[in-house]
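Visitor: Hi, I'm new to this one. Can you walk me through it?
Guide: Sure, here it is.

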Amino acid sequence: MKGCVCISDVKLETVDGFNVLSALIDEDRIYLSVPEQFELVLSVEYFVGIALLEAMARNEPIEIQSSVPLSFQLHEQLKELQSIYASWNTDLNIIDIRAETSDNVNNNTKVGSFFSAGVDSSHTLLCHKDEITHLLMCRSFDQGRDQVSWDSRVLQQTAFAASLGKTLVPIETNVREWMIKRKISWHFGHGLLLCSMGGAIGMKKLFVPSSFTYDALFPWGSHPLSDPMWSTESTLVIHHGASHRRTEKTKEILSDERIANNLQVCWASIHENCGKCSKCIRSMTAIYLLEGEILSLAKLDDIDSLKIMRPTSEGAADAVKDLMILARQVDNNEVYKTLNRYYRRYQISHTLAAVDRYLLNGLLRKLHRKIKPPEWVSWRVTLRSPSHGDI
Amino acid sequence: MTEKLIISDIKLVTKGGFNELSANVDGDYVYFRVAANFELSLSAECFVGVALLEAMISNRILSVEGVPVSKKLHGALNEIQAIYRCWNSSLSIVEIQADTISDQHYYQKTGSFFSAGVDSTHTLLTHLEDITHLILFRAFDSGNDQASWDKRVEKQTKFAESIGKTLVPVETNAKDWAIGRKISSHFFHGLLLSSAGGALGMRRIYIPASHTYDELFPWGSHPLSDPMWSTESTEIIHADAGARRGEKMAFILQNPVFADNLQVCWASTDRNCGKCPKCVRTMVAVYLLGIPINSLPPFTDFSTLKMLKAHDESGATFLEDAMLLARQSNNIKIYKILYRYHRQFKLSQTFVLVDKYLMGSLFRRLYRRVKNPDWINWRVTMQNKNSD
């Protein structure tokens, strides 16, 4: 180990029909690539976003060994950004970033929004339709790995974007594999990846659609507090949509047929909706309650299929609660009661976990981890330190 | 027709040795007052901060007459309200009707809200070179009698001068106005602080954080919402949420001049009683860090640790801080005592969950019937009163 996380050999080249921005992070080459009709900008912020959690976990500075300067504005913000991350996970350390800096402003003109065609990103597109020029679709997110599915998706979304007068920019990167290798939680790392990318793809403004609302502000890679701090002199990063619950977003989306019919929410597939997975069912339920109908998703016809939404995490419980609120608003008692049953079961298990913790000294949790060690236990960097809550 | 909450008759006058910015807010006279040697700016933003929660709970258009509002702030108010509404869904997002202006005033002063408590002293130390003015609000953490206030102002003026800063004592009836309207001060104080910057002619205002980035529960002063109150002329910074209170104390104790000026007491505003929960928790931190100070008596009576018992989320954060400090200082005796209190709190929280999800909130209903807690009667609380 060199005593630092080194970013070096930052370069921009065209390879086999793609523009590729890449760098060595330690000994690993990390790249960001787009089809060659799209420009990339030679910059380092993206690689700082990728390397930061690794450096904080190792308690080693980041050193940029390149003549490409880092944004002065971002450099100044990085300490506070790290404060946020280190508050969430106290195993992380605040480290120095050693780099040449510059406060030059690139004359970017494009306004981008990350876009998966899901509810969150479709809602952001809807809200800022007049302003957004480019839809940015990253392969690493919610995506299958096979080339055929990806190509099909790119084709589909390119046509959709064009129908709205926008340009789709498909983006490929090997960051996710790198993070998995380094045992860095994707729940955490994905946020830094998205927010640090703006300058590289030449955006003046970059919308990052929110996954959660302002009253569900648990630690998450993409967060309304931290996302805007990744802004530079040239790129303004905006975390959008945290004011709306997902069902409220769905309701607004239904007012625009083109965007609604393009919804792509599925866990199982990236270019069609299976109508069976929990994400599909959750969206189908919202549309059903709102008495909407869209071409991209089957109609909900069996209340029994709601059971796939039984929550096992805070985020999933939040999604169920959101649907319950909607069900109550539209006086659909059947859906409300069904979801309420699942929600209460989750809360009861949550309560039992608390009882175990404070009355049984965590005995059941220890047993469970011994029998069925959760995957995240082996990760180096998670959103919370493993000892979080143990004071 | 939707009713309006009107802010009108905004004026700046000098009277009785004070500069006073005042307005008629929904029929009531609300003022901000500083000594005549300090300038105030004629501005509307602070009254928007005062009136917003009232407008949101009563679902009325907020109308500002006579003085334009910062265009930048006006543009942010929708999102600010969205945050508040997410926290408390009883609130409505309301329209703000006002002329707007995007002119920039080139203020020179950098202020920091300052009570001489741990948070504000830490922020002062951390940004010492940047801060020029310390803003002391009478409405917060302060006794109301004139003699105490005068003493406090005198003491902190001397302290500020000793470090090359200027103290700006600010008197206002805004908090009383909010209390009269049954608006929780946990919520209201944040809006009041965040919106006052322009009136005080500050180019930048630091609002010392009460909680860390890990404690992002709804609170009036919050790292998300505070900066959104910035205008073209005044940048609002929610400061130092990355530091735990133990870390803040450790930093302060390295600077005796600041440590000896600490004023944390609930019972008094010009000295520390050494008996109230705030004094005790600070004394415990000082004791664990092993550096005595003149502004607080030494911690000697372990029975007073019970003052650190937590009754809500905010109180729990102070308890946890103290536990961490005890553990870092290898003080097992104190750690064990606090650990017991922490478990009691967590058990009570667990019982609340058991009551809610297994007993249909039976105990909650009984408690409310028997105790009739004060906050039940508030119109605006931090979160919904009925969280089902």
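Visitor: How many residues does each chain put into the contact?
Guide: Chain A gives 20 residues and chain B gives 25 residues. Two residues are in contact if their C-beta atoms, placed from the backbone, lie within 7 Å. This is a predicted model: local features need pLDDT of at least 70, side-chain atom pairs count only at pLDDT 80 or more, and totals for chains, interfaces and linings use all residues. Residues are numbered from 1 along each chain as its sequence is written, while chains are lettered from A and ligands numbered from 1 in the order in which they are written.

Visitor: Which element brings the largest share of the side of chain A that touches chain B?
Guide: That's α11(A), with seven residues. Helices here are DSSP runs (H or I, at least four residues), as are strands (E, at least two), numbered from the N terminus.

Visitor: And what classes are the residues on that side of chain A?
Guide: They split into 11 nonpolar, six polar and three charged. Ala, Val, Leu, Ile, Met, Phe, Trp, Tyr, Cys and Pro count as nonpolar, Asp, Glu, Lys and Arg as charged, and the others, Gly among them, as polar.

Visitor: Over to chain B. Which residues of α11(B) are buried?
Guide: Ile334(B), Tyr335(B), Leu338(B), Tyr341(B), His342(B), Phe345(B) and Thr350(B). Buried means 20 or more other C-beta atoms within 10 Å of a residue's own (exposed is 12 or fewer, partly exposed in between), with C-beta atoms placed from the backbone.

Visitor: What covers them?
Guide: The cover includes α11 of chain A, plus α9 (277-289) and α10 (313-328) of chain B.

Visitor: How far apart are the end C-alpha atoms of α11 of chain B?
Guide: They are 37 Å apart, which agrees with the 39 Å that its 27 residues (332-358) should span at 1.5 Å a residue. The expected span is 1.5 Å times one less than the number of residues. Just after α11(B), Gly360(B) has a positive phi of about 60°.

Visitor: New topic: strand β11 of chain A. How many of its residues are buried?
Guide: Six of the seven, residues 203-209 being the strand.

Visitor: What does β11(A) pair with?
Guide: It runs parallel to β8 (residues 110-114) of chain A, joined by four bridges, and parallel to β12 (residues 236-240) of chain A, joined by five. Strands pair if DSSP finds at least two bridges between them. Leu206(A) is the bridge partner of Gly112(A), and Val237(A) in β12(A) is the bridge partner of Leu206(A).
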